[in-house]
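Subject: Structure for your review

Dear colleague,

Please find below the structure for your review. My notes on the interior, one helix and the surface follow it.

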Amino acid sequence: MKRLLFIGDVVGKAGCDFLMDRLRAVRKDYGIDIAVVNGENSAQGNGITKYSADMLLNAGADVITTGNHAFKRREAYGIYENDCIIRPANYPAEGCVGKGICTLDMGAYSVAVINLSGTVFLDPLDNPFTVIDSILADVETPNIFVDFHAEATSEKKAMGYYLAGRATGVFGTHTHVQTADECILSEHTAYITDAGMTGAEESVLGVEIQPAVDRLRFHMPTRFREAGGKCFSCGVVAEFDEKTGKSHKIERLIIR
């Protein structure tokens, strides 16, 4: 049995610093073989930069996934030359840098990490259900984990059931609030609708509370700022059989 740790959206420098301080200890305590971190909001002001990506890799991430903010920062374009940093696979293949899958060679086995973006209430990218079928046709390992970065819980649940029995794990990201529906689908696929976030706990999705309240209360343009204070990190640990790609257990984590 092997263990994969998946960490939800890292928000800003506070989230990166928290993982720098805690991730290696968590890997040791939980016997983690592979750590996957969603870093699409890891830069200050959201998006991802080389600086924030390097922080996550140095903290102990093996793979960094992203989402709808993958190209928010112009300086981010060059980071996708690193095979361990991926963007949603349903971005256009032609003219779009980066790729949507990373395959880790672990010696006796390999693991494929796939990044997808939902299209309900988000950018109208290629159909994620069609794209994942195309990708899976070429994947040569049974160990397949999908970060489905989507807004609608219905779309995430649908993708979980669509990949049940075909993927080792399907983990939702983007909404920053950890859900309590972790389960094993079809006695094979570890699933959670949203893994949560990593950043300031006393915040509105990682940003200061008052500007977020003002935006919703007055409907006026408001400058969001990364929240300070004590941080937490949300995610899941999936225990799987590396020979069959079958998950046997999923555990929700909140690290304070």
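**The nonpolar core**

In this predicted model, the largest nonpolar core comprises 32 residues, and L5 and L19 have the most contacts inside it. At least two residues of this core come from each of β1 (2-7), α1 (12-30), β3 (34-38), α2 (50-59), β12 (231-241) and β13 (246-255). The largest share, 6 residues, is supplied by α1. Leaving aside its neighbours within four places in sequence, L5 is in contact with L23, V26, I32, I34, A35, V36, V236, V237 and L253.

**Helix α2**

One of the elements that contribute to this core, α2, has S52, A53, M55, L56 and A59 as its buried residues. These residues lie on the same side of α2, because they cover an arc of only 155° around the axis. An α-helix has 3.6 residues a turn, so residues three or four places apart point the same way. K50, Y51 and N58, on the other side of α2, are exposed. The cover over the buried residues of α2 includes β2 (9-10), α1, β3 and β4 (63-65). After α2 comes G60, which has a positive phi, near 130°.

**The surface**

A nonpolar patch on the surface is formed by V177, V204, L205, I209 and V213. Together, these residues have about 360 Å² of accessible area. One of them, V177, is located in the loop between β8 (169-173) and β9 (183-185).

Yours sincerely

Note on methods. Residues numbered from 1 in each chain as written. Predicted model: local features only at pLDDT ≥ 70, side-chain atom pairs only at ≥ 80, totals over all residues. Heavy atoms only, no water. Core = buried A, V, L, I, M, F, W, Y, C linked by side-chain atoms within 4.5 Å. Buried < 20%, exposed > 50% of the residue type's maximum accessible area, 1.4 Å probe, protein only. Helix = DSSP H or I, 4+ residues; strand = E, 2+ residues; numbered from the N terminus. Contact = heavy atoms within 4.5 Å. Arc of directions from axis to C-beta. Patch = residues over 30% accessible without salt bridge, like charges linked within 9 Å, V, L, I, M, F, W, Y side chains within 5 Å. Areas by Shrake-Rupley, 256 points an atom, 1.4 Å probe, with all protein chains shown as cover. Salt bridge = Lys/Arg side-chain N within 4 Å of Asp/Glu carboxyl O.
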